[in-house]
Amino acid sequence: MRENLLSEINYKNLEQIEDKIWSLIHDAVVNRDAPFRTPIFSNIEDGKPNARTVVLRSANSNDKNIFFNADFRSPKIKYLKENPQCHLTFYDKLEKIQLRVTARSIIHYQDSICSSAWNKVNHFSRKCYLYEKSPGSEINSPRSSYPREFFENGYTLNQSECGYINFCVIECLFISIDWLYLAAKGHLRASLNYKSKSEPSFTWISP
Ligand SMILES: Cc1cc2nc3c(=O)[nH]c(=O)nc-3n(C[C@H](O)[C@H](O)[C@H](O)COP(=O)(O)O)c2cc1C
């Protein structure tokens with residue numbers, strides 16, 4: 001039970017912290033209610049920061065990466081192609097852990113990662129990729145970007161296949177993690193650097 005997690009943990013070393021980080025991330029991939037399920041993903045667009053909530057879909061602790069789905073027509077894709085530097089912020093209130101992750105993005109469009117993720121997008125959620133206009137474009141009325149035919153009659157799984165052209169996966173390769181643990185006895189903060197994936201460097205830092 002998550003309630004049992006409220007007692008304070010005396011984090012002592014990199015292994016313990018890293019294990020905790022990746023167990024929370026892996027849990028969030030399968031657990032819809034996990035706070036780490038919906039991190040904030042940020043990037044730079046025309047020199048300015050932009051940020052939005054995304055849903056964690058997959059993660060690999062060996063490769064130090066996470067994946068989320070997106071609409072290929074979103075302006076963020078163009079900007080990430082220009083500048084793949086990105087950032088993820090996670091916060092788990094019960095665990096009292098914040099992660100600020102510096103990462104590099106890789107766009108998967110019409111490759112094997114993209115098609116395998118598309119096959120996991122359920123019938124209902126495919127709706128996100130059926131809008132006729134790109135995310136962020138102006139429309140005349142609230143529903144005018146959603147095909148009238150689908151609005152009136154719904155769509156079959158087969159019809160939803162046309163959304164694949166708008167679908168992509170964004171991979172975020174972790175470069176470093178700023179880990180913060182809020183504790184009554186004094187907050188703990190550490191920096192993990194993944195320059196070497198097999199042997200990350202670790203430093204305690206002042207909260
Ligand atoms: C709970 C929640 C989950 C979301 N998940 C995603 C996601 O996985 N991928 C995504 O691109 N947008 C997701 N969105 C929508 C984005 O936050 C954003 O509104 C959308 O991507 C358009 O903005 P952008 O084109 O600047 O990214 C989600 C929004 C919410 C509220």
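Start by selecting Gln110, in the loop between β6 and α3 (112–120). Is this residue buried, exposed or partly exposed? Gln110 counts as partly exposed, because it has 13 C-beta neighbours inside 10 Å, and a residue needs 12 or fewer to be exposed. Check the backbone here too: Gln110 has a positive phi of about 55 degrees although it is not a glycine. Keep in mind as you click around that this is a predicted model.

Next, pick Lys96, in the loop between β5 and β6. Its phi is near 60 degrees, again a positive value in a residue other than glycine. Lys96 counts as partly exposed, because 18 C-beta neighbours lie inside 10 Å, and 20 or more would make a residue buried.

Now zoom out and colour by secondary structure. You should find five helices and nine strands. Follow the chain from its start and the pattern reads α-β-β-β-β-α-β-β-α-α-α-β-β-β. The C-alpha atoms fill a box of roughly 60 × 40 × 30 Å along the principal axes. Of the 207 residues, 22% count as buried. Contacts reach along the sequence as well: among those between residues at least 6 apart, 60% join residues at least 24 apart.

Time for a helix. Select α1 (14–30). This helix has 17 residues and reaches 25 Å from its first C-alpha to its last, close to the 24 Å expected at 1.5 Å a residue. Which residues of α1 are buried? Show Ile17, Ile21, Ile25 and Ala28 as sticks, and you have them. Turn the view to look down the axis of α1: the buried residues fall within an arc of 65 degrees, so they line one face of the helix. On the other side, Glu15, Gln16, Asp19, Ser23 and Val30 are exposed. What covers the buried residues of α1? The cover includes β3, β4, β6, β7 and β8.

That leads us into the largest nonpolar core, which has 34 residues. Highlight Leu99, Cys172, Ile177 and Trp179, the members that touch the most others. The elements that give two or more residues to this core are α1, β3 (56–60), β4 (65–71), β5 (85–92), β6 (97–108), β7 (167–181) and β8 (188–193). Which element gives the most? That would be β7, with nine residues. For a close-up, centre on Leu99: leaving out residues up to four places away in sequence, Leu99 touches Ile21, Phe90, Ile177 and Trp179. You met Ile21 a moment ago as one of the buried residues of α1.

Next stop, the ligand. How many residues surround it? There are 14, and the closest are Arg52, Val54, Val55, Ala70 and Ser74. The elements that give two or more residues to this shell are β2 (48–53), β4 and α2 (75–82). Try colouring the shell by class: six residues are nonpolar, six polar and two charged.

Last, go to Ile165, in the loop between α5 (157–160) and β7. Is Ile165 buried or exposed? Ile165 is exposed, because it has 12 other C-beta atoms within 10 Å, and 12 or fewer is the cut-off for that label. Finish with a distance: from Ile165 to Leu130, C-alpha to C-alpha, your viewer should give 9.5 Å, and the two are 35 residues apart in sequence.

Key
Residues are numbered from 1 along each chain as its sequence is written. This is a predicted model: local features need pLDDT of at least 70, side-chain atom pairs count only at pLDDT 80 or more; totals for chains, interfaces and linings use all residues. Helices (H or I, at least four residues) and strands (E, at least two) are DSSP runs, numbered from the N terminus. Two residues are in contact if their C-beta atoms, placed from the backbone, lie within 7 Å. A nonpolar core is a set of buried Ala, Val, Leu, Ile, Met, Phe, Trp, Tyr and Cys residues joined through C-beta atoms within 7 Å. A residue is near a molecule or strand if its C-beta atom, placed from the backbone, lies within 6 Å of it. Ala, Val, Leu, Ile, Met, Phe, Trp, Tyr, Cys and Pro count as nonpolar, Asp, Glu, Lys and Arg as charged, and the others, Gly among them, as polar. The expected span of a helix is 1.5 Å times one less than its number of residues. The arc is that of the directions from the helix axis to the C-beta atoms.
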